[in-house]
Amino acid sequence: MTQRTLLKQTVEPERYELLKEPPVLFESDRRGFFRFLGTGLVVICSAKTVAWQESGAGRRRGGQELPQEIDAWLHIGEKGEITAFTGKVEVGQNIRTSLTQAIAEELRVPVESIELVMGDTKLVPYDIGTFGSLTTPVMNLQLRRVSGAARDVLIAMAAKQWSVDAARLTATDGKVEDTQGKRSAMYSELVKGQQITQVLPAEDPLIPPSKWTVAGKTIPKVDGRDFVTGRHQYPSDITRPGMLYGKIVRPGAFNATLISADTKAAEAMPGVTIVRDGNFLGVAAASSAEAEKAAAAIHADWKAEPQTTSKELFEYLKNHQEKPEEGDNYRFGSGDVVPAFAAATHKVSATYNINYIAHAPLEPRAAVAEWTGDQLTVWTGTQRPFGVRSELGSAFKMPEDKVRVLMPDTGSGYGGKHAGDAALEAARLARAAKKPVKVVWTREEEFTWAYFRPAGVIEITSAVNADGSVTAWEFHNYNSGTAGFRTYYDVPNQKIEFHAVNSPLRQGSYRGLAATANHFAREVHMDEMAGAVKMDPLEFRLKNLKEDRLRAVFEQGGKQFGWSKPRAANHGSGVGGGFEKRGYVATFVEVALKPGTGEIKIQRVLTAFDCGAVVNPDGLRNQIIGANIMGLGGALFEAIEFSNGRILNNVFSKYRVPRFQDVPAMEALLIDRKDKEPVGAGEAPIVGIAPAIANAIYAVTGERLRTLPMGPQLAAKGFLVC
Amino acid sequence: MPRYELWVNGQTHSVDAEPETSLLFILREQLGLTGTKYGCGEAQCGACTVLISGHAKRSCRAQISLVAGKEITTIEGLAQGEKLHPVQQAFLEEGAMQCAFCTSGMIMSTVSLLNEKPHPAEQDILESMDGNICRCGTYPRIMAAIRRASGLVKEQRP
């Protein structure tokens with residue numbers, strides 16, 4: 001099975017950037033990969049013992065399974081130093097801290113003694129990428145298992161040394177203790193002079209979340225000091241000896257072809273390297289100012305076909321469907337909607353529109369590339385270091401083991417840093433210049449040449465009985481994607497379809513994927529149905545909902561929010577919630593309308609969230625509140641405007657993102673399920689805010705908002721969100 | 001190319017640059033002070049904020065010829081040796097960061113605000129910080145860090 005086929009079966013279709021056909025596929029060769037870690041204890045995993053996300057995809061190329069590889073996940077050295085290895089990367093979701101906590105928990109060592117190597121393709125086991133809220137359910141579990149195995153080996157070693165039963169020994173604070181014999185041995189003493197490899201056993205007992213002492217608690221960001229002092233080196237901060245700065249000459253429109261380039265003036269500038277390769281045109285120079293000057297001196301002619309505009313976006317999406325593929329997961333059905341609609345007491349139909357939005361990570365895409373002989377090393381901000389390694393291998397027709405990608409903790413991604421554009425550009429320039437080259441995209445480039453969250457059109461028709469039970473549900477999503485497109489409400493007759501569209505803009509993954517669009521449409525529609533039968537929106541949801549954990553977030557969130565208490569005059573409340581990436585979420589919003597002015601203020605937001613056992617409550621609150629604030633932008637202001645292959649609002653002064661003054665009172669209600677394995681929290685909490693705001697605004701104004709962002713529609717009706 | 005004397009974090013540096021070159025790129029490329037970040041280049045995001053004569057300025061739009069000779073402080077110049085500035089300490093204690101790419105700018109803007117108003121009202125904070133973007137949405141924590149730094153909130157967070 002090829003990587004692409006595997007991906008197609010396992011990821012949502014809106015991850016367009018992952019599914020596009022790679023230009024070349026190489027037979028990967030990672031022989032010589034086993035590295036020398038020094039004496040001590042190494043815990044290794046054979047590919048078979050590792051969850052699929054971490055193995056199969058990367059080890060199969062071109063339909064053939066590679067020899068089973070051995071990957072080291074944890075090393076304890078004879079000075080007591082502990083190094084753990086993961087292909088997951090840190091983009092602000094604080095997993096460097098939460099994964100370190102997981103290791104500390106099982107290994108019984110202080111957090112400070114652990115170094116976590118992340119996202120360095122030369123050192124860490126293969127990983128498909130940091131997306132899909134998989135780090136906590138997969139990697140946290142994996143590192144806990146590895147650490148638990150190491151702890152058991154250390155206990156067994158001490159038991160042998162002291163000739164006692166291992167069962168009477170305990171591990172704590174970096175040492176094995178024998179309380180009966182009143183003796184102890186540091187891990188460093190136990191491994192001294194040894195070279196022990198332990199294969200991760202298939203089954204091993206883990207410490208249950210209810211007995212956690214390190215995990216489950218708030219600990220500060222492990223390297224926080226480096227960030228408040230400016231010492232941390234992000235990808236855009238990396239420098240190499242003799243490094244040049246690169247600048248790409250971009251076309252004036254998407255899908256343009258380079259016809260000619262007059263580079264004479266730039267060539268005359270000292271120390272400037274110019275590369276023209278197919279459609280790629282770029283320069284490298286000693287400073288970014290000189291590179292910019294040289295790029296500006298190049299006169300390039302591009303040819304592009306006329307392209308559509310954002311004003312016609314939703315008609316365009318409806319009219320440019322792609323032919324459905326065989327065997328895709330694009331539809332779901334149960335019962336028969338046709339007779340159910342015919343017999344319906346109330347039938348509700350509505351169309352919801354979602355605009356393209358940009359990730360706008362504060363650190364734009366950046367890479368530093370360095371060639372040493374036929375070896376290429378690239379530091380770049382990516383959520384897929386191994387994916388970028390493949391892209392580089394393909395682009396330069398070289399085996400992947402000659403490419404090393406390093407991912408320093410990066411200035412956020414939100415699903416936007418899956419592709420290796422900046423890495424390819426820097427590597428191409430560096431090869432020509434024969435010096436390391438850094439490429440940092442400008443904000444305009446970031447807003448133009450990255451990919452966008454898919455726009456979409458969602459059509460829903462539903463049938464509801466007079467008692468409030470939903471009997472039929474027909475849901476069509478054009479282009480947004482399939483994440484969260486199934487309803488979690490209990491509806492006997494369902495027809496749900498995703499329709500792929502030939503998108504006018506480059507599009508791809510975004511925090512929560514299409515779940516934000518699908519939840520917006522579904523949860524606003526739930527309110528429309530509740531209105532048709534004159535029921536309270538929360539009561540209506542609970543009437544049609546069986547799933548216990550989802551009921552719990554709606555009920556407990558509603559209680560904490562004070563849903564049933566009367567609102568002040570000109571105040572309204574709304575709710576929106578659901579289930580995404582294994583997390584259960586319900587968001588409640590209160591808005592106030594200033595009489596006579598049309599000014600709407602979002603007063604407060606409460607999100608109840610259940611992601612199983614909580615690993616780090618403080619980090620989790622940051623993720624929940626952060627996701628809601630990010631979601632405010634897409635709900636109210638953010639929309640990419642484009643015309644004829646150009647982005648019209650490619651700067652922050654024209655593309656409004658949430659700022660300090662936009663933030664209402666925010667509350668996160670953590671439902672800590674110690675009886676459930678922890679799952680991710682980076683994405684699911686974003687899905688409730690938009691429908692909750694739309695429903696709250698309806699409650700106070702009577703205006704039903706069905707387009708994201710809502711700001712323009714509100715403005716057209718004389719309202720202003722402030 | 002003209003030469004300028006820059007006074008950064010208590011040290012003087014001679015740099016050769018065109019007069020319109022932005023201070024941000026001089027700091028990052030010539031002086032190796034990469035704690036100051038590029039986020040937009042149009043003074044809209046605040047990631048590049050430094051102090052010039054004690055006041056917050058967006059270094060991306062500060063021309064080298066206009067800031068030469070003035071007292072410039074970057075994030076690297078705040079701590080006294082290993083002792084963090086109270087604002088840095090407050091950001092750490094409140095966990096007021098996620099990816100932290102905005103953190104340098106947030107801290108420098110806060111230092112400037114507290115220089116001018118040691119005990120700012122809520123609205124003062126909102127208005128003076130509104131030019132600093134945090135895409136991770138850490139704003140409530142940053143507000144808490146600013147309150148902590150201003151000494152308005154002394155108790156430990158639970």
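**Questions about a predicted two-chain model**

Colleague: Let's start with chain B: what radius of gyration does chain B have, and how does that sit with a compact globule of 158 residues?

Modeller: This is a predicted model, so please read every value with that in mind. For 158 residues, a compact globule would come out near 15 Å. Chain B agrees with that expectation, since its radius of gyration is 16 Å.

Colleague: Thanks! What are the spans of the C-alpha trace of chain B along its principal axes?

Modeller: Buried residues account for 56% of the 158 residues in chain B. As for the spans of its C-alpha trace along the principal axes, they are about 55 × 30 × 25 Å.

Colleague: In what order do the elements of chain B run from the N terminus?

Modeller: Chain B has 6 helices and 5 strands to place. Read from the N terminus on, they run β-β-α-β-β-α-β-α-α-α-α.

Colleague: Which residue in the turn between strand 3 and strand 4 of chain B has a positive phi?

Modeller: Strand 3 (residues 49-52) and strand 4 (residues 55-58) of chain B pair in the antiparallel sense, over 4 bridges. In that pairing, T49(B) stands opposite R58(B). The two strands form a hairpin with 2 residues between them, and the turn residue with a positive phi, about 50°, is S53(B).

Colleague: Strand 3 of chain B has another partner, too. Which residue of strand 5 of chain B stands opposite I52(B)?

Modeller: Strand 3 of chain B pairs with strand 5 (residues 71-73) of chain B in the antiparallel sense, over 2 bridges. Across from I52(B) in strand 5 of chain B stands I72(B).

Colleague: Now the domains. Which element gives the most residues to the side of domain 1 of chain B that touches domain 2 of chain B?

Modeller: Chain B is divided into domain 1 (3-77) and domain 2 (86-149), and the contact takes 14 residues from domain 1 of chain B and 13 residues from domain 2 of chain B. On the domain 1 side, the elements giving two or more residues are strand 3 and strand 4 of chain B. The most, 3 residues, come from strand 3 of chain B.

Colleague: And how far apart are the centres of domain 1 and domain 2 of chain B?

Modeller: The bounds to work from are 3-77 for domain 1 of chain B and 86-149 for domain 2 of chain B. Taken over C-alpha atoms, the centres of these domains are separated by 20 Å.

Colleague: I'm curious about C134(B): is C134(B) buried or exposed?

Modeller: C134(B) lies in the loop between helix 5 and helix 6 of chain B. Apart from neighbours within four places in sequence, C134(B) is in contact with C102(B), M106(B), Y139(B) and I142(B). A residue is buried if 20 or more other C-beta atoms lie within 10 Å of its own. C134(B) has 34 C-beta neighbours inside 10 Å, so C134(B) counts as buried.

Colleague: How far apart in space are C134(B) and T103(B), C-alpha to C-alpha?

Modeller: In sequence, C134(B) and T103(B) are 31 residues apart. In space, C-alpha to C-alpha, their separation is 8.3 Å.

Colleague: On to the contact between the chains. By class, how do the residues on the side of chain B that touches chain A divide?

Modeller: The contact takes 45 residues from chain A and 42 residues from chain B. Elements of chain B that give two or more residues to it are helix 1 (23-30), helix 3 (86-94), helix 4 (103-116), helix 5 (122-129) and helix 6 (139-149). By class, this side of chain B divides into 7 charged, 13 polar and 22 nonpolar residues.

Colleague: Turning to chain A, why does chain A count as being as compact as a globular protein of its length?

Modeller: Chain A has 20 helices and 32 strands. For its 722 residues the globule rule gives 27 Å, so chain A is as compact as a globular protein of that length, with a radius of gyration of 27 Å.

Colleague: Which helix gives the largest share of the largest nonpolar core?

Modeller: That core has 255 residues, and those with the most contacts inside it include A367(A), V378(A) and I693(A). The largest share, 10 residues, comes from helix 5 (residues 135-162) of chain A.

Colleague: Last one: which residues is I693(A) in contact with, leaving aside neighbours within four places in sequence?

Modeller: I693(A) is among the residues with the most contacts inside the largest nonpolar core. Its contacts beyond those neighbours are G574(A), V589(A), I602(A), A635(A) and M710(A).

Terms used
Residues are numbered from 1 along each chain as its sequence is written. Chains are lettered from A and ligands numbered from 1 in the order in which they are written. This is a predicted model: local features need pLDDT of at least 70, side-chain atom pairs count only at pLDDT 80 or more; totals for chains, interfaces and linings use all residues. Two residues are in contact if their C-beta atoms, placed from the backbone, lie within 7 Å. Ala, Val, Leu, Ile, Met, Phe, Trp, Tyr, Cys and Pro count as nonpolar, Asp, Glu, Lys and Arg as charged, and the others, Gly among them, as polar. Two strands pair if DSSP finds at least two bridges between them. The radius of gyration is taken over C-alpha atoms; the globule rule is 2.2 Å times the number of residues to the power 0.38. A nonpolar core is a set of buried Ala, Val, Leu, Ile, Met, Phe, Trp, Tyr and Cys residues joined through C-beta atoms within 7 Å. A residue is buried if 20 or more other C-beta atoms lie within 10 Å of its own, exposed if 12 or fewer, and partly exposed in between; C-beta atoms are placed from the backbone. Domain bounds come from an automatic or database domain assignment.
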